[in-house]
Amino acid sequence: MFDKFQNNDRMLMLFFIFLVLAGPILLAPLGAGYPDLLQRFCIFGIFAIGFNILFGLTGYLSFGHAAFLGVGSYSAVWMFKLLTMNVIPALILAVVVAGLFSLLIGYISLRRSGIYFSILTLAFAQMSFSLAYSVLTPITNGETGLQLTLDDPRILDAANTSGGLPSTNFFGLTMNSTSKLEFFGMVFQFNVGFYFCAVMLILAFYLAMRIFRSPFGLMLKAIKTNQNRLNYTGVNTRPYTLAAFVISGMYAGLAGGLMACTDPLAGAERMQWTASGEVVLMTILGGSGTLLGPVLGAGFIKYFENIFSKINESVLHGWFSFLPDGLEDLIVWVLHFFVGKGWHLTLGLLFMMVVIFLPGGLLQGAANIIDWIRGKKQSSSTQISNPNSMPAE
Amino acid sequence: MSILEVQNVNKSFGGLKALQNVNLSVEEGTIHAIIGPNGAGKSTLLNCFIGKLIPDTGTVNFDGHSLLGMKPHEINQTGVSRVFQTPEIFSDLTVYENIMIPCFAKRDGSFCLNPLKRVKSEADIHEKAEHMMEDVSMADKRHMIASSLSRGDKRRLEMAMCLAQDPQLLLLDEPTAGMARADTNNTIELLAEIQNKRHITMAVIEHDMHVVFSLAQKISVLAQGTVIVEDLPENIKGHPKVQEAYLGGAH
C-alpha cells in the first residue's frame, strides 16, 4: 500500500501540501509551532530537496553545498539594500547568482567523480567561506555579516521611508507579521513569512517531483547506477551531471535567499563546512533518493537542534518528579547527557542507527512500520477467518 | 561492402604489444567472429572500436568515417553498440527502465534537458520498449530490478538494450560466456533471429567453437596481437596456423 501511495503522485502531493500548510497546527503540540522554527523547517526542506537531486538521484556527494546557500543569502540582502525590500526580486537574484556560481564550481568539480568530487566541492566551499571572511569584506562585510542600514539606497522604496529599518515584505505583506489564535489553551501562530516559505517549499517539492518523473530524471538515475553503460549507450553524462548540479545549486540559492527574507542579514558562517555536512545528514537521515525523505530529515534535525537542545535538567526533573527521589536523580543524571547541550549525541546515535538498520532512511522506517501493521492485521484476520472456512464436521 | 574497416592498428601497454598491425574488415549484414586464445588482444581490439581505448597508430573506419578521436557516446550515436563480457546494465533500475534509457538516447541524442516532461506520456518510447521486451521475451520481468536477474537474463537484457537503439553494428564480447548449454543455444537462436530479421552487422568475440561455427559467416583468428587468418568458417577448422595458435605447434 505504501508503494502504491508513493507511486500515486497526486495523493503524495496533496498529502504534502496538507502537511506543510497545517504545520503550525500539527507541530504546536510538539512545542515547534513558533514561526521562526517553522520557517527553518521549510527553508532547510528546500535545501535538502535540492541536495537530494544531486546526491539521491545522480549519486554525486557534494560537501560544499552551503556555499550556494551563503551566496543566495548575500545576493538577497544586497537586493534589499540596493533595490527594494520586496522579497521577489531578492529571491530571483539569489537563485540566479547561486545558479551561476554552481555552474562555475560544477564545471570544474565534475571533471572528477566519487571522493575526488566531494573533496573538490569541499575545497571550493571552504575557499568561499574564507574569502567571504577576509578578502571579500567590501561585499560580505566580513565577520559582522551583511546587514541592512538606514542609509542604504533602496531605490524603489525611497518614497516610503520612515524612521526605523524597514522589514521585508511580499507586495506589502510584512514577512514577520503573525496572527495568533488561541484554542483549547494552545496558541497557534500563523505567520506570513512561514506561509511564504511554505508555498516556496511546495513549489520546490512539485518541481523535484516533476524532475524525478521526467526522462531527464531517469538519465540521472542511470548515471547513479552505471555511468559507463550510459556512455556506451550514446549519452553524454557530463551535461547531465552539470545540469543536476546547477539545479541543486539553485535550490540552495533559493533556500539562502529565503533565510535572508525571514531575517535580513547574511553571515559567512552559513557557508562553513558544518552547514554543508548538515544537509548531507538531513538527506541520508530522511532517505536519500526519495521525494519526502529529505524534507523529513531536515525537519528532524532542525527539531532536534531547536527543541531537544532546550531541554535541561530542571525540565527533566519536572518530567520524572513522580518517581522516588533516588531513582529520579539517577534517570535524570543518565538522560541529561542526551538532551540540552548533548543533543548532538542523541542525533549522532540516531543517525548511526538509521545508517546501520535503515539504509533507506526514516522514510523506509515509516514504510516498514506501515507494512508491519498491515501484516499484523492481515495475519490476525486470516486467523479469525480460518476457523470459519474450515468445514464443520 | 565492408562497414567496419580496420587498418594497421597498433596498441601497446608499456612494453606489451597488445595489437600489432591488425587488419580487419567486417562486411555489412554479416556475423563476423573474432576468435583466438586468451590474451590474443580480442577485447583490446573491441575497445578500440568503441572509443574506450585509442590505438597508437592505424585507422578504424566505420561506415566511411573515422572513429578515432571520437568519445564513446559519439561513437554510439553513429550506430555502434556493444555488449560487454560481464553484463553492463543499470542494476538499480527495473528491466523496463533499462530498456527505456537506450530508446531515449536514440531519440533525444546525447543530451536533452527535459526535466518537465513526463516519462509516462512518452508514447513512442513505451511502444518501442514494449516491442523490444517482447522480442527478447522479458515482458513478464519488466518490474524486476535488474540486479536480481539471473546471469543469462542480464545478458539478454543488455542485448535488448543494444538492439533498442537499432545499431548498424553490434559488437558482442563473449555473449555466451559462463552459460549453460541450453542458454547458449537460446542465445545462438536469438542472434540468428536478430540477424535474419534486422540485418544488423555483428562482430562477435567468442571462445565457444559451437557458437562460432553455428553463427559466423566469416572468422578472423587473432594470436599474440595479430590476425593470423581471416577466412570462411569451413576453411578455418583445418587451418594449420589456427591449430598452431591454439595447440602451440602443428601436429
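**Exercise 1. Helix H1 of chain B**

Which residue with a positive phi follows H1(B)? Determine also how far helix H1 of chain B is covered.

*Solution.* The model is a predicted one.
Step 1. The residue that comes after H1(B) is B:Gly51, with a positive phi near 85°.
Step 2. Helix H1 of chain B spans residues 42–49, and seven of its eight residues are buried. The helix is therefore mostly covered, given that a residue counts as buried when 20 or more other C-beta atoms lie within 10 Å of its own.
Step 3. The buried residues of H1(B) include the nonpolar-named positions B:Leu45, B:Leu46, B:Cys48 and B:Phe49; B:Lys42, B:Thr44 and B:Asn47 are buried as well.

**Exercise 2. The surroundings of B:Glu97**

State where B:Glu97 lies, and decide whether B:Glu97 is buried or exposed.

*Solution.*
Step 1. B:Glu97 belongs to helix H3 of chain B.
Step 2. Within 10 Å there are 20 other C-beta atoms, so B:Glu97 is buried, the cut-off being 20 or more.
Step 3. Once neighbours within four places in sequence are set aside, B:Glu97 is in contact with B:Phe90 and, in the other chain, with A:Leu218.
Step 4. B:Ala146 is 49 residues away from B:Glu97 in sequence, while their C-alpha atoms are 9.3 Å apart in space.

**Exercise 3. The side of chain B that touches chain A**

Describe the contact between the two chains by residue count, by element and by class.

*Solution.*
Step 1. On chain B, 31 residues are in contact with chain A, where 23 residues take part.
Step 2. Two elements of chain B each give two or more residues to this side: helix H2 (72–77) and helix H3 (95–108).
Step 3. Of the elements, H3(B) provides the largest share, with six residues.
Step 4. Sorted by class, this side of chain B holds 16 nonpolar, seven polar and eight charged residues.
Step 5. For the complex as a whole, the predictor reports an ipTM of 0.92 and a pTM of 0.91.

**Exercise 4. A helix pair in chain A**

Characterise the packing of H6 against H12 in chain A.

*Solution.*
Step 1. Two packed helices are described by the angle between their axes and the distance between the axes.
Step 2. Here helix H6 (residues 87–109) and helix H12 (residues 237–262) of chain A meet at an angle of about 145°, and their axes are 7 Å apart.
Step 3. The handedness of the crossing of H6(A) and H12(A) is right-handed.
Step 4. The contact of H6(A) with H12(A) comprises 18 nonpolar and seven polar residues, with no charged ones.

**Exercise 5. Chain A as a whole**

Assess the overall form of chain A.

*Solution.*
Step 1. Chain A contains 18 helices and six strands.
Step 2. Its radius of gyration is 24 Å, close to the 21 Å of the globule rule for 393 residues, so chain A is as compact as a globular protein of that length.
Step 3. Along the principal axes, the C-alpha atoms of chain A fill a box of roughly 95 × 65 × 40 Å.
Step 4. Buried residues amount to 44% of the 393 in chain A.
Step 5. Among contacts in chain A with a separation of 6 or more, 75% join residues 24 or more positions apart.

**Exercise 6. Confidence**

Establish where the prediction is confident and where confidence is low.

*Solution.*
Step 1. Chain A has a mean pLDDT of 88, and 93% of its residues reach 70 or more.
Step 2. Residues 382–393 of chain A have a pLDDT below 50, and this stretch makes zero contacts in the model beyond near neighbours in sequence.
Step 3. The average pLDDT of chain B is 89, with 98% of the residues scoring at least 70.
Step 4. Within chain B, confidence is highest in H3(B), at 95, and lowest in helix H9 (residues 240–247), at a mean of 78.

Note on methods:
Residues are numbered from 1 along each chain as its sequence is written. Chains are lettered from A and ligands numbered from 1 in the order in which they are written. This is a predicted model: local features need pLDDT of at least 70, side-chain atom pairs count only at pLDDT 80 or more; totals for chains, interfaces and linings use all residues. Axes are lines fitted to C-alpha atoms, for helices over the stretch in contact, and angles run from 0 to 180 degrees between N-to-C directions. Helices (H or I, at least four residues) and strands (E, at least two) are DSSP runs, numbered from the N terminus. A crossing is left-handed if the near helix is turned anticlockwise from the far one by less than a right angle, and right-handed if clockwise. pLDDT is the predictor's confidence in each residue, from 0 to 100. Two residues are in contact if their C-beta atoms, placed from the backbone, lie within 7 Å. The radius of gyration is taken over C-alpha atoms; the globule rule is 2.2 Å times the number of residues to the power 0.38. A residue is buried if 20 or more other C-beta atoms lie within 10 Å of its own, exposed if 12 or fewer, and partly exposed in between; C-beta atoms are placed from the backbone.
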